[in-house]
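Reader: I am new to this structure and would like to understand one part of it properly. Could you choose a part, look at it closely, and take me through it step by step?

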Amino acid sequence: MDLSNILPLIIADNTLHSKWLNTLSLMENTGARKISASEDPLTVTYIILKHAAEEHRHAFYLKKQIEKTGKANCPTYAPEFLLAPGYSKYYLNQLDIQVCRYLKNALKLSGKDLRFAAYLLVTYAIEVRADELYPIYQEALENVSSKVNVKSIILEEEGHLEEMINQLNLPTGLMHYQVSYH
């Protein structure tokens with residue numbers, strides 16, 4: 001079953017829908033925290049700060065959207081308030097671990113270089129998925145005239161994806177590592 005078939009089923013059930021929104025909020029919040037954790041305290045850039053701030057805003061915005069489902073009872077990210085809580089909580093961590101392992105083994109990166117390259121690759125992968133997910137979700141919301149909407153997130157996620165592509169292609173981005181470490 002693909003997203004365009006699953007999302008209408010989730011949206012039709014207010015409890016499931018509120019847990020879905022809470023799960024998306026959790027993932028945005030986790031992403032924001034991971035971005036902040038990867039920052040170098042001396043060389044953090046405007047783009048990284050902006051990206052972390054926007055991901056935190058997405059988490060807050062999605063949390064606020066829960067009220068529009070009529071089920072405003074997802075006060076925390078405790079398992080009972082999430083869909084697939086185990087998988088949702090560990091998805092980004094697993095992605096991070098696998099990317100770091102690849103970068104250590106294939107490109108022999110460590111320290112600051114490893115953190116920055118992992119930030120680029122993990123964030124790129126997440127932004128590609130968000131760029132696919134949120135428009136399908138928005139369409140499903142519009143199809144049932146839901147009060148919930150994610151249009152503002154879609155615009156920012158498109159910008160994040162473009163920024164990640166640009167950073168991957170900069171001399172300090174991952175493409176630089178691939179060339180200089182072969």
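Author: Contact here means heavy atoms within 4.5 Å, and that is the sense in which one residue is said to touch another below. The model is a predicted one. The part chosen is helix α5, which covers residues 111-143, together with what packs against it.

A single residue of this helix makes a convenient starting point. Ala130 is placed in α5, and because its relative accessibility is 9%, where buried means under 20%, Ala130 counts as buried. Once residues up to four places away in sequence are set aside, Ala130 touches Pro135 and Glu157. A further distance can be given for Ala130 and Glu162, which are separated by 32 residues in sequence and by 12 Å in space, taken from C-alpha to C-alpha.

From there the view can widen to one partner of the helix, α4, which runs from 85 to 107. The axes of α4 and α5 lie 9 Å apart, and the two helices pack at an angle of about 130°. The pair is therefore described as oblique, and the crossing of α4 and α5 is right-handed. On the α4 side, the contact is made by Tyr91, Leu92, Leu95, Asp96, Val99, Cys100, Leu103 and Lys104, while α5 contributes Leu114, Ala117, Ala118, Leu121, Val122, Ala125, Ile126 and Arg129. Sorted by class, the residues of this contact comprise 13 nonpolar and three charged, with no polar residue. The spacing of such lists along a helix has a general background: an α-helix has 3.6 residues a turn, so residues three or four places apart point the same way.

Another partner is helix α2, residues 14-38, whose axis comes within 11 Å of that of α5 and crosses it at roughly 160°. Because an angle over 145 degrees counts as roughly antiparallel, α2 is roughly antiparallel to α5. The crossing of α2 and α5 is left-handed, whereas that of α4 and α5 is right-handed. From α2, the residues that meet α5 are His17, Trp20, Leu21, Leu24, Glu28, Ile35 and Ser38, and the α5 residues they meet are Arg115, Tyr119, Leu133, Tyr134, Tyr137 and Leu141. By class, nine residues of the contact between α2 and α5 are nonpolar, two are polar and two are charged.

Some residues of α2 repay a look of their own. Leu24 lies in this helix and counts as buried because its relative accessibility is 7%. Beyond its neighbours within four places in sequence, Leu24 is in contact with Leu133, Tyr134 and Tyr137, and also with Leu62. Along the chain, Leu24 is eleven residues from Ile35, and the C-alpha atoms of the two are separated by 17 Å; both Leu24 and Ile35 are among the α2 residues that meet α5.

Leu26 is also in α2, and it is buried, its relative accessible area being 5%. Apart from residues up to four places away in sequence, Leu26 touches Tyr77, Leu82, Ser88 and Lys89. Although Leu26 and Lys89 are 63 residues apart in sequence, their C-alpha atoms are 7.6 Å apart in space. Asn29, another residue of α2, counts as buried at 15% relative accessibility, and its contacts outside the neighbours within four places in sequence are His56, Ala59 and Tyr77.

Ala59 leads on to helix α3, residues 46-65, whose 20 residues should span 28 Å at 1.5 Å a residue; the end C-alpha atoms of α3 are 28 Å apart, so the two values agree. The buried residues of α3 include Ala59 and Leu62, along with Ile48, His51 and Tyr61. Among the elements that cover the buried residues of α3 are α2, α5 and α6.

Finally, the loops on either side of α5 deserve a word. Lys108 is found in the loop between α4 and α5, and its phi is near 60°, which is a positive value in a residue other than glycine. Lys108 counts as exposed, because its relative accessibility is 63%. The loop between α5 and α6 holds Ser145, where phi is near 55°, again positive in a residue other than glycine. With a relative accessibility of 65%, Ser145 likewise counts as exposed, whereas Ala130, within α5, counts as buried.

Key: Residues are numbered from 1 along each chain as its sequence is written. This is a predicted model: local features need pLDDT of at least 70, side-chain atom pairs count only at pLDDT 80 or more; totals for chains, interfaces and linings use all residues. Side-chain values use heavy atoms; hydrogens and water are left out. Axes are lines fitted to C-alpha atoms, for helices over the stretch in contact, and angles run from 0 to 180 degrees between N-to-C directions. Helices (H or I, at least four residues) and strands (E, at least two) are DSSP runs, numbered from the N terminus. Angles under 35 degrees count as roughly parallel, over 145 as roughly antiparallel, 65 to 115 as roughly perpendicular and the rest as oblique. A crossing is left-handed if the near helix is turned anticlockwise from the far one by less than a right angle, and right-handed if clockwise. Ala, Val, Leu, Ile, Met, Phe, Trp, Tyr, Cys and Pro count as nonpolar, Asp, Glu, Lys and Arg as charged, and the others, Gly among them, as polar. Buried means under 20% relative accessible area, exposed over 50%, partly exposed in between (1.4 Å probe, protein chains only). The expected span of a helix is 1.5 Å times one less than its number of residues.
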